[in-house]
Amino acid sequence: MSKTITLQEFIMDTQAEFPFVSGQLTRLLTDIGVAAKIVNHQVNRAGLAGILGEAGSQNSHDEAQQKLDVFADRTFMRILTAGKSVAGIGSEEQDQYVFCGDDGKSGKYIVMIDPLDGSSNVDVNVSIGTIFSIYRRVTPMGETLSDQDFLQAGTEQVVAGYVLYGSSTMLVYTTGSGVNGFTLDPAVGEFFLSHPKMQFPETGSIYSINDALLGQANEATQQFITGCREAIDNGFKARYIGSLVSDFHRNLIKGGIYLYPSTKDHPQGKLRLLYECAPLAFIALQAGGSAEDDHGSILEKVPSSLHERSPFYVGNIHLIQALRSCWMNNG
Ligand code: AHM
Ligand code: MG
């Protein structure tokens, strides 16, 4: 580990980088770090605390919620709502967006969050994550928020980040000036800067896709994966955890591409534009990578609904370009 800079120190030291800085964003980032520590504590003791398994409820996508999904959602909601910085929150686990404080009339920021991604992996001790992004409100302060505050293009993100509850717990985020990663020291209960200025390596040779989807996937993805398989002599290898934050984080460090393609039955893929694709696309861009859907940039997509899905391809630029060539070959 390099010089011991805590997350809090780093946030304070870099707050001058935020345009129109008022301290609210600094507080908000600090709150996310606190909520992440609370969720981390529960994730770590889930097997002992009787909070494994399904909660018996379903989220807005008709997916069975895990007890930890519900816990993580409540924790982030409680902490973010209590601060003064957030006007409204959109959560993958909630049908509608939620107003904070005074009907969302005060607070400068909108938070989009997937409180616990990959939670179907919890019961088998596989890494899971939280994904978040922060936008400025569009509606003037003092007015009630509207759809346009929540349905912003990814290019408007002020901050994007994730927490990886893995063999160690990390918080990785960008404010648009590079990507920095912090590792939680459980003995001290602090995140310390461990991965400054994260960048995809020059080249990558990992491809990550749910192989069972391939027969149903679009032609370009099929052609691209065939090419990867044939490139085994060049060191290409398949790695798929099925936990987006973990797959993305590994590929960011080792170099590679993650694909959740459009398929015949699901032309919009599975992942959610606002909670999963846009934040990771912003981080990828800041780390020298790229992210696209079937047609082009993820970041430029303007969502038309809160829980909109999108095909998602993210990773090293040269791999995204190779995939793009396959799209061109397939008209
Ligand atoms: P979730 O938000 O319900 O947890 O679903 C998202 C997860 C991602 O973490 C992962 O990359 C993907 O779903 C795996 O899907 P599949 O099982 O279809 O491969
Ligand atoms: Mg998710």
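The following exercises, each with a worked solution, concern a predicted model.

**Exercise 1.** Determine which residues coordinate the magnesium ion (ligand 2), and establish how Glu92 and Glu276 are placed in the chain.

*Solution.*
Step 1. Identify the donors. The magnesium ion (ligand 2) is coordinated by Glu92 (OE), Asp114 (OD), Asp117 (OD) and Glu276 (OE), at 1.9 to 2.7 Å.
Step 2. Write the spacing of these donor residues in sequence, which is E-x21-D-x2-D-x158-E.
Step 3. Locate Glu92 and Glu276. Glu92 belongs to the loop between β3 (86–91) and β4 (98–99), while Glu276 belongs to helix α8 (residues 273–286); the pair therefore ties together parts that are 184 residues apart in sequence.
Step 4. Consider accessibility. Buried means under 20% relative accessible area, and both Glu92 and Glu276 are buried.

**Exercise 2.** Describe the surroundings of ligand 1, and explain where ligand 1 lies with respect to domain 1 and domain 2.

*Solution.*
Step 1. List the nearest residues. Among the 17 residues around ligand 1, those that come nearest are Asp117, Tyr240, Leu244, Tyr258 and Tyr260.
Step 2. Examine contacts with oxygen atoms of ligand 1. A polar side-chain atom of Glu92 lies 3.0 Å from an oxygen atom of ligand 1. For an N or O atom in the side chain of Tyr258, the distance to an oxygen atom of ligand 1 is 2.7 Å; for one in the side chain of Glu276, it is 3.0 Å.
Step 3. Assess the cover. On its own, ligand 1 has 480 Å² of accessible area, of which the protein covers 82%.
Step 4. Find the contributing elements. β5 (109–117) and β13 (256–260) are the elements that give two or more residues to the shell.
Step 5. Classify the shell: five residues are nonpolar, five are polar and seven are charged.
Step 6. Conclude. Both domain 1 (7–195) and domain 2 (206–329) give residues to the shell, so ligand 1 lies between them.

**Exercise 3.** State where Asn125 and Lys197 lie, and decide whether each is buried or exposed.

*Solution.*
Step 1. Recall the general pattern: most residues other than glycine have a negative phi.
Step 2. Compare the two residues with it. Asn125 is not a glycine, yet has a positive phi of about 65°. Lys197 likewise has a positive phi, near 50°.
Step 3. Place them. Asn125 lies in the loop between β5 and β6 (128–136), and Lys197 in the loop between β10 (190–195) and β11.
Step 4. Apply the cut-off for exposed, which is over 50%. Asn125, with a relative accessible area of 76%, is exposed; Lys197, at 71%, is also exposed.

How values were computed
Residues are numbered from 1 along each chain as its sequence is written. Chains are lettered from A and ligands numbered from 1 in the order in which they are written. This is a predicted model: local features need pLDDT of at least 70, side-chain atom pairs count only at pLDDT 80 or more; totals for chains, interfaces and linings use all residues. Side-chain values use heavy atoms; hydrogens and water are left out. Donors are N, O and S atoms within 2.8 Å of the metal (3.2 Å for Na, K and Ca); water is not among the atoms, so sites may look incomplete. Helices (H or I, at least four residues) and strands (E, at least two) are DSSP runs, numbered from the N terminus. Buried means under 20% relative accessible area, exposed over 50%, partly exposed in between (1.4 Å probe, protein chains only). A residue is near a molecule or strand if one of its heavy atoms lies within 4 Å of it. A polar contact is a pair of N or O atoms within 3.5 Å; within protein, one must be able to donate a hydrogen and the other to accept it, and residues adjacent in sequence count only if both atoms are side-chain atoms. Accessible areas come from the Shrake-Rupley method with a 1.4 Å probe; for residues, only the protein chains shown count as cover. Ala, Val, Leu, Ile, Met, Phe, Trp, Tyr, Cys and Pro count as nonpolar, Asp, Glu, Lys and Arg as charged, and the others, Gly among them, as polar. Domain bounds come from an automatic or database domain assignment.
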